[in-house]
Every structure is written in C-alpha cells, then in structure tokens.
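Thanks for coming. I have one structure to go through today, so please look at the screen.

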Amino acid sequence: MKQRVLTTRAALPGGGIARLASDAEVVAWPGTSKPEPRDLAELAKGASAILALGNDRVDAALLDAAGPSLRVVALASMGYDAVDREAAAERGVVVTHTPGVLAETTADLTFALVLMARRRLGAARDSLAAGQWGLFRMDDYLGLDVHGATLGLIGYGQIGRAVARRSQGFGMRVLHHDPYAPDDALSTSVDLPTLLAEADVVSLHVPLTPQTRHLIGAAELAAMKPTATLVSTSRGGVVDEDALLRALRDGSIHSAGLDVFEREPMGQELSPLVAEPHAVTLPHIGSATEATRAAMVDLAVDNIQDVLAGGPARTPIPGGAAMPGQDRAPRPVGGRGAR
Ligand code: DGY
C-alpha cells in the first residue's frame with residue numbers, strides 16, 4: 001500500500017510533487033487561504049510524511065493527529081521557527097529544511113530592498129504613476145547612496161555571505177555580527193553596538209529564536225545612524241515593529257526595507273508599516289523565483305523519499321535527527337542556523 005504524504009498547499013512549483021506521487025499517495029490542502037490547524041490535522045491522519053511551508057505551524061497537535069505512522073516533516077523553507085522541535089524529537093519524527101538552495105535568490109532580493117529603500121524607488125514610481133512628475137527638479141526624489149556605504153550584516157550564514165558578495169560590486173565596506181563567524185576576506189566581525197553605530201545599511205540574516213526575538217528594538221534603532229536603512233529578509237519577529245514604526249516616523253533612521261512581518265500573511269489587515277512612506281514592504285518573496293521555489297520543493301521531496309526509503313534525511317534541521325526515532329545528532333560544527 002502506498003504511504004500517505006500530506007502537502008499543505010496544492011500548488012507547488014517544479015516537478016517534485018509528480019515525482020512524489022509516483023510512489024506515494026499525495027493529499028494536499030485544497031484551499032486558497034492559509035489552512036486552519038484543524039484542516040491540516042484532519043488531512044494528516046495516517047500520514048507518513050508532511051511537506052509544509054515555513055509559516056505552517058507544526059506542533060504536537062498536528063504530529064499527534066498524523067499518529068505513529070509519521071516519520072518526517074519536510075519544510076520547503078530554510079526557516080524552521082514554526083516547528084515545535086521538541087515535540088518532533090519526542091515523537092521520533094525527523095524535521096528537514098532547505099539550506100543551500102535559496103541563499104543567492106534571497107540575497108538578490110535583499111539588495112533590491114536596499115536599493116528601493118535608500119533611493120526611495122517605491123515613492124518615485126508611485127509619484128510617476130500618479131502623474132506628479134511635472135518638472136525636472138534637482139531637489140526631488142532624493143535618496144541616499146548605496147555605493148561606498150557600510151553594510152552591517154547581523155547573522156553571517158549562507159544568505160549573509162551572499163549579500164556580502166553582492167556588496168563588493170557597490171564598493172561597500174562590510175561588517176558582520178555573528179558569534180560563530182570570524183573575519184573573512186569580505187567582512188570584519190564586530191560586536192553589535194559597533195555594527196549599529198557604523199553601518200549605513202543594517203541587514204538581518206538570523207533565524208527567529210527566543211534569543212533573536214525583537215533583537216532590533218527601540219534601543220538598537222536609537223543606536224543606528226539617522227541616515228541608516230534597516231533591511232530584513234529573515235523573520236518578522238526579529239524586529240519590534242512598533243519600535244521600528246516610531247523610529248521611521250521620528251526620523252531616527254532613514255528607511256526600512258522589509259520582506260517579512262510579525263503577522264503573515266496580512267490579508268486586508270495591513271501592518272501600518274505598509275503605508276509608511278519611509279518603508280518599502282514586500283509579501284515575503286525572498287526566495288520567490290521559479291527555479292528556487294522548484295528547488296526548495298525538490299529538496300523537500302528528496303528528504304521525504306530518503307526517509308521513507310529507510311535512509312537518512314539529506315538536510316535535517318541543525319541539531320535534529322536525520323533518521324526517524326534516532327537520538328538528536330550533535331550540532332554541526334559552526335552550525336547555528338544563521339541565514
Ligand atoms: C525560508 O526559506 O525560510 C523563507 O523565508 C520561506 O519560508
């Protein structure tokens with residue numbers, strides 16, 4: 001009998017799902033809105049694997065709804081903050097994610113946000129579209145330079161390093177703050193106060209953990225330059241959004257470029273940051289290219305197939321087990337999940 005695999009979305013890019021369906025019974029959440037926990041619990045019954053997205057809550061209730069057949073939860077995302085890792089470990093369920101396939105694409109988008117925010121491209125485009133470009137003026141649409149600026153990366157993992165590489169084309173000086181990453185040819189390791197004081201662009205590349213929740217709050221924003229830009233493509237919870245809104249409104253920083261929010265998705269209930277003139281905001285599209293999203297689904301499917309075939313997962317989450325029922329693996333050297 002074919003093993004049952006739940007996918008939390010019906011539409012997933014690439015050929016991964018067709019490959020999965022060749023030897024498993026694939027059931028998908030058919031809805032177009034985010035599934036409620038009870039919807040997924042119902043579909044998960046008897047599943048051997050669940051393919052979930054980064055912001056689907058995977059908790060003890062969902063794992064228990066699937067029951068003892070469940071061996072692997074494969075995330076089509078790098079971030080795994082929505083998974084109750086303890087609950088999965090207690091039940092011997094392997095959790096996997098998708099490192100190595102989305103860093104370059106997310107770094108591209110990070111740079112797009114840097115340029116949009118510092119050069120105020122969204123406002124300029126809106127003004128053009130509204131028919132307000134009536135006179136070529138020297139003092140209109142003025143932004144701040146990106147070339148030659150100092151880039152401060154908080155978190156220096158795959159994505160942070162990919163952003164650092166791009167910054168070389170802009171002649172930027174690069175600093176990073178990451179207790180696990182020493183200086184390298186591109187960037188100098190500094191403490192957080194130094195980074196906040198010296199960076200013109202502060203870009204966040206840390207996972208969301210209890211330690212990084214609201215890592216950037218009122219005090220950190222006050223420590224940044226009034227000409228600084230804050231960019232985040234990591235997780236909304238890393239920034240205290242109320243404090244950020246105040247900092248943008250009172251001019252204590254220049255601008256923000258945000259792809260991620262504390263509450264996602266937003267639907268009609270927009271965060272006030274969306275209407276804030278000094279912020280550019282996007283709907284969590286860091287990895288959203290056809291090739292990268294297909295690669296993420298592919299890797300999630302590889303993980304499912306490997307585990308269901310009795311082998312180790314290719315990309316278990318850091319500190320997690322690679323085989324169902326296995327004790328937790330030791331932390332990989334240098335691994336702490338920086339993005
Ligand atoms: C990731 O891979 O973590 C992206 O943010 C999509 O969830």
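How do the residues of the shell around the ligand divide into nonpolar, polar and charged? The count is 3 nonpolar, 4 polar and 2 charged. Before I go further, note that this is a predicted model.

Here are the names, in chain order. The ligand is surrounded by Gly54, Ser77, Met78, Gly79, Leu102, Arg235, His284, Met296 and Arg339. With the protein atoms taken by themselves, the ligand's space is the largest pocket.

Now the polar contacts. Three of the residues I just named come up here, and I will take them one by one. Methionine 78 uses its backbone: an N or O atom there lies 2.6 Å from an oxygen atom of the ligand. Arginine 235 uses its side chain, where an N or O atom is 2.7 Å from a ligand oxygen. For histidine 284, a polar side-chain atom lies 2.6 Å from an oxygen atom of the ligand. As for cover, the ligand taken alone exposes 230 Å², and the protein buries 88% of that.

Next, the chain as a whole. The domain assignment gives two entries: domain 1 covers 3–101 + 289–308, and domain 2 covers 103–281. How far apart are the C-alpha centres of domain 1 and domain 2? They lie 31 Å apart. The two domains also touch: 12 residues of domain 1 are in contact with 7 residues of domain 2.

To go back to the ligand for a moment, the shell includes Arg235 and Arg339, and 2 of the shell residues count as charged. That is what I have.

Definitions and conventions. Residues numbered from 1 in each chain as written. Predicted model: local features only at pLDDT ≥ 70, side-chain atom pairs only at ≥ 80, totals over all residues. Heavy atoms only, no water. Near = heavy atom within 4 Å. Polar contact = N/O pair within 3.5 Å; in protein donor to acceptor, adjacent residues only side chain to side chain. Areas by Shrake-Rupley, 256 points an atom, 1.4 Å probe, with all protein chains shown as cover. 1 Å grid on protein atoms, 1.4 Å probe; cavity = no way out; pocket = protein on both sides within 12 Å on 5 of 7 lines; lining within 4 Å. Sits in = over half its atoms within 2 Å of the grid points. Nonpolar A, V, L, I, M, F, W, Y, C, P; charged D, E, K, R; others polar. Domains from an automatic or database assignment. Contact = heavy atoms within 4.5 Å.
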